[in-house]
Amino acid sequence: MELNNVKGAVGADAGVDVDVLICGAGPTGLVLAMDLARRGVPALLVEKSDRLFPGSRGKGLQPRTQEVLHDFGILETVRAAGSEYPRMLSWEGPDGRTRGREWDMMERSEPTEQTPYANGLLIGQSHFQALLHDRLRALGGEVVFDAELTGLDQAADTVTARFADGREVRARYLVAADGGRSTVRRLLGVAMNGESVDPKPMLVADVVVAPDAFVDEDNWHVWAGASGGAVVLCPLPGAPRLFQLVAQYEDVDAVPDATPEGVRKLVATRTPVAADEITEVVWASEFRPRAALAERFRVGRVFLAGDAAHVHSPAGAQGLNTSVQDVYNLGWKLGQVLRHGAPAALLDTYEQERQPVAADVLGISTRLHRQALLGGDSQRGNVVKQLGIGYRGGPLSSGAAGALEAGDRAPDGILPEGRLFDLFGGPHFTLLAIATEAPPLANEQVRVHTLNAYETYGRGLFLVRPDGYIGWAGETDRGLSDYLARCGAGGAGR
């Protein structure tokens, strides 16, 4: 697809080329494009580069993100392409060849009926993006590459985006998913408030290691005491002998060499792997760990999501996961406003709900980084799994019933046929009547299920939002009609 063919491709109304323009085709933009596609919302996903990002800045999908992927129907594919996190293995001695202790970086848990995905999943970002791209194309979407945004203007009802080659696209809304150095954020003049997590630079790269080299693919290899700074090599599933290399520098003034030759030299200097045993450097980049939060997540008809809104330390695998959940929150709200006539004020709740979450998660990743700088052996606890994130007391959380309160994550459960997550899957709302009578409800957007008593929920009515959180709960249906109306989902009950 080309930008000058946008209107015919997406079928938007006269006066705009597309309902939603998404800038940036990383995991954040791809997931939002997928969500809007299944909702029938015309969207255009553009990417500055000529291809999807080739490397693995991130490599971990936390349990809550896996639940999101279950909703999209692609979790089985993603899990088949990934693996469990390997055990950390430290190497010691003057030559780095003395086998040390082993430990789990991520605390392991057993799956339960309520939490079927209990542990993190290891998959390189580039591989994950390719699977998301495949799913987007299956839904009828596509990415427009070589589309560099250079300017934007807002009017009362539209956003006009200008591109480097002179083309323009008019959209009802624009979502910035263009990363930590977001062009959109810069054009809006939105500040990022934050701090340096560690003043020393780091280097990250995806490298292919020769089959007969020192490292195997069974462990996450750590040289914590390497001269010049700690180094780790983590095997990435999906390609033979592909590893993510992360190296820390002890010198604050060091200038990492991210060229293939520089990467090979670093590995050979700090580990027993020889330079010529790095058969390919797929991608490499240097950075300084930083934590920062955008002052605003919305300016008029433009939204910031993912790294454009919050930048994390790599510790705890939080950045990519928080980003995916940003747009999981935003996607259904855009769908309700654009397709179902929900009040535009519904979109205000995106910033109100997600900015506090991002601030909390930034605190977690920063604390983990400072507790155990790269190469340390501190185990990541369950807090990084993001299952405890919720919106209690938020603008779209109303009521309580049984064991749960509005704003809580809606737990899974086993049914005589299937499971609760299967009932939730899709772009609809779900009303659970548990051990009580369901109210009469003629509403295509809400699927009603009457279930037997389930201790995890308790007795009551529970309205599950399209993003898997309980939006409204009560012992009777009083207030349900008003809540649904706020969300553009019609009315019901009293």
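Cysteine 487 has 0% relative accessibility, so it counts as buried (under 20% relative accessible area with a 1.4 Å probe, protein chains only; over 50% would be exposed, and in between partly exposed). Cysteine 234 is buried too, again at 0%. Take a disulfide as a pair of cysteine sulfur atoms within 2.5 Å, and the count comes to 0.

A word on the ground rules: this is a predicted model, where local features need pLDDT of at least 70, side-chain atom pairs count only at pLDDT 80 or more, and totals for chains, interfaces and linings use all residues. Residues are numbered from 1 along each chain as its sequence is written, and side-chain values use heavy atoms, with hydrogens and water left out.

Now for the helices, which are DSSP runs (H or I, at least four residues) numbered from the N terminus. Helix α3 covers residues 63-72, and 10 of its 10 residues are buried, so the rest of the structure largely encloses it. Charged or not, they're in there: Arg64, Glu67 and Asp71 are among the buried ones, and so are Val68, Leu69 and Phe72. Right after α3 comes glycine 73, with a positive phi near 75 degrees.

Next, look at α2 (residues 27-38) against α8 (residues 319-340): their axes sit 9 Å apart at an angle of about 25 degrees. That makes the two roughly parallel, the label for angles under 35 degrees. Their crossing is right-handed. The contact (heavy atoms within 4.5 Å) includes Val31, Leu32 and Leu36 from α2, and Val324, Tyr328 and Trp332 from α8. By class, the contact has 10 nonpolar, 3 polar and 2 charged residues.

Technical notes: Axes fitted to C-alpha atoms, helices over the stretch in contact; angles between N-to-C directions. Parallel < 35°, antiparallel > 145°, perpendicular 65-115°, else oblique. Left-handed = near helix turned anticlockwise from the far one by under 90°. Nonpolar A, V, L, I, M, F, W, Y, C, P; charged D, E, K, R; others polar.
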